[in-house]
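User: I would like to go through the fold and the backbone of this protein with you, one question at a time. Please reason each answer through before you give it.

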Amino acid sequence: MKTAVITGASRGIGAATARAFSKAGYNVVINYNKSEKEAFALCKELENAVCVKADVSTEEGARLLISEAARVFGGVDVLVNNAGEALCKMVSDTSLSEWKRLFAVNVESTFLCSKFASEYMVRQKSGRIINVSSMWGVKGASVEAAYSASKAAVIGFTKALARELGPSGITVSAVAPGVIDTDMNAHLSDADKRALCDETPLCRIGTPEEVAAAILWLASDAASFVTAQVLGVDGGFI
Ligand code: NAP
């Protein structure tokens, strides 16, 4: 049985991804940081799941998560770097500490978890790493420069790591979701949501399950010759 580690799986896209992998027959490691109640409830709901509290923006947290996955299930076959935070601020109002915090949560977590998980994957000469970027990392969002830059960094990291790990039989790709109905967008007004829907060819906001399905596909045998790609899951927005 293969093991999938999903960072930030207590809520939103991460929780939907944990459900999708569990349903597909994987052992699932549900990582959370603050939302313990949600993570425990999800863990109870799923078969072959454990939850691990770890702040993956720190080296100790990322190391603990991957070593716990290996201790409980014997290794890591799939890593989904999903944990993330947003920041809606003009550059002129963004402090250096806010910028650094966003890069720690969105980029350094991706680097650290990939670094530790790839040790197991290289040894077994197989593995899948799927990073959750954003369409704003491709296009750039107004009033979200720090977030857009962090998600663009995730794309650069994905493409470079795919080259580095390809010879070891490991694929590395990213998804770039559009506007998805999760807590991250709870601050949007109805008018903001309508405007975003108007710009989307499919005329609606996406669901966490739709992003999870794309991630599951990238981890599947059907995607065995797919690496270094950024798969838009954005209703055609980009
Ligand atoms: P969400 O509902 O706010 O969930 C964020 C998740 O990340 C939570 O489970 C949270 O866990 C976890 N997390 C945050 N910081 C963490 C840390 N330091 N260590 C471990 N876990 C941490 O957001 P979402 O919309 O599902 O977003 C998931 C990913 O998709 C993010 O990378 C986001 O940038 C990306 N994305 C979202 C959208 C969208 O429209 N929603 C679009 C494009 C990309 P705790 O609550 O347990 O701390």
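Analyst: Helices and strands here are DSSP runs, numbered from the N terminus, where a helix has at least four residues and a strand at least two. The model is a predicted one.

User: In which loop is Cys 203 found, and is Cys 203 buried or exposed?

Analyst: Cys 203 is a residue other than glycine, yet its phi is positive, near 60°. The loop in which it is found runs between helix 7 (190-198) and helix 8 (208-219). Because exposed means over 50% relative accessible area, the 56% of Cys 203 makes this residue exposed.

User: How does Asn 48 count in terms of relative accessibility?

Analyst: Asn 48 lies in the loop between helix 2 (36-45) and strand 3 (49-53), and its phi, near 50°, is likewise positive in a residue other than glycine. Its relative accessibility is 37%, and the class between 20% and 50% is the one in between buried and exposed, so Asn 48 counts as partly exposed.

User: Which strands stand at the edges of the sheet?

Analyst: The sheet is open and has seven strands, paired in parallel in the order 3-2-1-4-5-6-7. Each edge strand has a single partner strand, so one side of it is left without a neighbour in the sheet, and the strands in this position are strand 3 and strand 7 (230-233).

User: What is the bridge partner of Asn 81 in strand 5?

Analyst: Strand 4 (residues 78-81) and strand 5 (residues 127-132) pair in the parallel sense over four bridges. In strand 5, the residue that partners Asn 81 is Asn 131.

Definitions and conventions: Residues are numbered from 1 along each chain as its sequence is written. This is a predicted model: local features need pLDDT of at least 70, side-chain atom pairs count only at pLDDT 80 or more; totals for chains, interfaces and linings use all residues. Side-chain values use heavy atoms; hydrogens and water are left out. Buried means under 20% relative accessible area, exposed over 50%, partly exposed in between (1.4 Å probe, protein chains only). Two strands pair if DSSP finds at least two bridges between them.
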